[in-house]
Amino acid sequence: MFSALFRSFQRRSSQRASRRLATRSFRPSLEGLENRVQLSASPASLGAAGQFAALEINGGTLTLLGSTVTGDVALGPNGRGDLHNTSETGTFTYDPTAKTGLSKKHQDFLPTGGIVSNDLTQAQADANAASAADAALTPTVTLGNVTKSLTLLGNGGSNVISVQSLNYRGDTLTLSGGANDTFVFNVTGAFHFARSTMVLTGGVTANHVLFNFPTAGGEIDLSRRASVIDGTFLAPQRTVRYHNAGSFNGAVIAHNVDLDTRANLVAALFSVPTVSAAAISGVVTTNGGDGPVGMAGVQVTLSGTDAQGRSVTLTVTTDGSGAYSFTGVAAGTYMLTAETMTGYSQNLASAGTVNGQVDGLGGSGVITQIVLNGGDAGINYNFREQFGSGGGQS
């Protein structure tokens with residue numbers, strides 16, 4: 001009996017610990033960041049759906065009531081419109097199969113860019129496809145039921161966060177990273193964001209943040225005047241309701257789009273940043289009578305994993321002065337290896353610098369832990385070989 005009671009106590013303690021862990025701020029270590037950069041592919045493009053600040057899809061309803069929208073708005077195939085007392089700075093587009101509900105009696109919805117009819121089948125298909133593709137991305141972070149303020153650190157590329165649910169009441173979601181970071185949240189359960197704030201730091205922008213709801217579920221509720229919301233909400237089978245003002249920079253693409261009661265949506269259209277390639281260079285030398293002498297014909301290999309999780313192996317040969325370089329390198333984490341030529345023994349390799357800072361760890365014939373971001377240029381990744389026994393081509 002005592003053993004059964006003890007096991008029951010252990011289970012309850014473990015469950016309480018799990019709940020505390022799920023609601024704690026997530027601040028990964030540097031080691032964690034370097035591992036995560038290798039895990040997930042790029043988010044899918046929204047295609048034709050990505051041009052709209054608000055887009056109804058899959059035969060739902062578009063409600064604009066007492067709101068303000070800066071950007072283009074669209075009513076998709078077989079959709080229904082309820083459009084009143086709304087200011088839109090942009091064009092309103094409706095599919096020929098949709099029912100706008102507009103008539104000459106309704107003069108309180110007059111978009112500055114006019115009202116046009118256009119086939120939106122492709123936009124709808126692109127939105128559905130993007131949601132499914134993003135839901136299949138490998139997570140870099142997995143969270144349960146999030147109810148407390150949270151900080152997520154970017155990995156310099158694609159950050160994919162799997163979330164069971166989010167329920168914020170006066171909390172803060174902070175996304176910290178750089179201009180090349182994208183954050184995709186795949187949410188399977190409830191999402192309530194009231195009197196709460198999203199904070200983007202370090203160069204992260206609203207057009208690189210996406211909240212994806214790939215399955216059917218309850219209403220996604222964004223509310224209260226104190227709220228600050230950034231990012232695109234993609235919910236092909238759900239309702240997204242944004243009301244009671246606040247600040248919203250992003251877009252809403254959903255089965256039912258409901259912007260009402262002083263809602264203020266400013267378009268920040270989701271996109272995946274174009275990342276510049278990196279480069280890395282150095283020299284292989286040996287001891288000469290008057291100092292170091294460049295060694296021609298030495299094979300140098302760059303290997304590792306890029307920021308999209310792909311394995312990379314590149315090889316070059318040093319020129320007549322012993323110099324080598326790799327260009328067009330994707331962001332990622334790498335190592336450099338130089339072969340040992342016949343008749344030589346390998347001396348210590350030395351890590352070079354990126355933007356004036358040492359990046360990597362030198363060793364015997366190898367330089368490891370080199371982290372390159374888009375546009376980086378690593379220099380002085382050098383190797384020194386010397387005469388001695390034990391040499392031989394490797």
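Before selecting anything, take in the whole chain, in which buried residues make up 45% of the 394 residues; what you have open is a predicted model. The protein has three helices and 33 strands, and among contacts between residues at least 6 apart in sequence, 57% join residues at least 24 apart.

**Stop 1: strand β13**

Select residues 182-187, which make up strand β13, and show their side chains: six of the six are buried, so the strand is largely enclosed by the rest of the structure. Thr182, Val184 and Asn186 point one way from β13, while Phe183, Phe185 and Val187 point the other way, and residues on both sides are buried.

Now add the strands that pair with β13. Strand β11, residues 158-169, runs parallel to β13 and is joined to it by six bridges, and among the residues to pick out here are Ser158 and its bridge partner in β13, Thr182. Strand β16, residues 209-212, also pairs with β13 in the parallel sense, over four bridges, and here you can select Val184 together with its bridge partner in β16, Leu210.

**Stop 2: Asn186**

Stay in strand β13 and select Asn186. Is this residue buried or exposed? Asn186 has a relative accessible area of 9% and is buried, since the cut-off for that class is under 20%. If its neighbours within four places in sequence are left aside, Asn186 is in contact with Asp134, Ala135, Val160, Ile161, Ser162, Val163 and Asn212.

**Stop 3: Phe185 and the nonpolar cores**

Move next to Phe185, which, leaving aside its neighbours within four places in sequence, is in contact with Leu152, Ile161, Val163, Leu173, Leu175, Val209, Leu210, Phe211 and Asn212. The largest nonpolar core has 46 residues, and those that touch the most other members are Phe185, Phe191, Phe211, Leu222, Phe233 and Leu259. Apart from this core lies another, of 23 residues, and to find it you can select Ala278, Val298, Phe326 and Tyr381, which are among its members.

**Stop 4: the cavity**

How many cavities of 30 Å³ or more are there? The count comes to one, and the largest cavity has a volume of about 40 Å³. To display its lining, select Leu150, Val163, Leu166, Leu173, Phe185, Val187, Phe191 and Phe211. Strands β11 and β13 each supply at least two residues of this lining, and the lining residues divide into eight nonpolar, no polar and no charged.

**Stop 5: a five-stranded sheet**

Turn now to the open sheet formed by five strands in the order β24-β23-β26-β31-β30, in which the pairing is antiparallel. Strands β24 (311-317) and β30 (361-362) stand at the edges with a single partner strand each, so one side of each is left without a neighbour in the sheet. Within the sheet, select β26 (residues 332-338) and β31 (residues 366-372), which pair in the antiparallel sense over five bridges; Tyr334 stands opposite Ile370 in β31.

In strand β23 (residues 299-306), select Asp306, which counts as buried at 3% relative accessibility. Then add Asn373 and draw a distance between the two C-alpha atoms: Asp306 and Asn373 are 67 residues apart in sequence and 9.6 Å apart in space.

**Stop 6: strand β5 and the loop after it**

Select residues 80-84 to bring up strand β5, which has a covered face, Gly81 and Leu83, and an uncovered one, Arg80, Asp82 and His84. Strand β2 (residues 61-65) pairs with β5 in the parallel sense over five bridges, and the bridge partner of Thr63 in β5 is Asp82.

Continue to Asn85, in the loop between β5 and β6 (87-89). Asn85 is exposed, with a relative accessible area of 51%, and its phi is near 45°, a positive value in a residue other than glycine. Most residues other than glycine have a negative phi.

**Stop 7: Thr261**

For the last selection, go to Thr261, in the loop between β19 (247-260) and β20 (264-267). Here phi is near 50°, again a positive value in a residue other than glycine, and Thr261 counts as partly exposed, at 32% relative accessibility.

Methods:
Residues are numbered from 1 along each chain as its sequence is written. This is a predicted model: local features need pLDDT of at least 70, side-chain atom pairs count only at pLDDT 80 or more; totals for chains, interfaces and linings use all residues. Side-chain values use heavy atoms; hydrogens and water are left out. Two strands pair if DSSP finds at least two bridges between them. Buried means under 20% relative accessible area, exposed over 50%, partly exposed in between (1.4 Å probe, protein chains only). A nonpolar core is a set of buried Ala, Val, Leu, Ile, Met, Phe, Trp, Tyr and Cys residues joined through side-chain atoms within 4.5 Å. Contact means heavy atoms within 4.5 Å. On a 1 Å grid over the protein atoms alone, a cavity is a set of points where a 1.4 Å probe fits but cannot get out, and a pocket is an open set with protein on both sides within 12 Å along at least five of seven lines; lining residues have an atom within 4 Å of a point. Grid points are joined across faces, edges and corners, and a volume is the space filled by probe spheres set on the points. Ala, Val, Leu, Ile, Met, Phe, Trp, Tyr, Cys and Pro count as nonpolar, Asp, Glu, Lys and Arg as charged, and the others, Gly among them, as polar.
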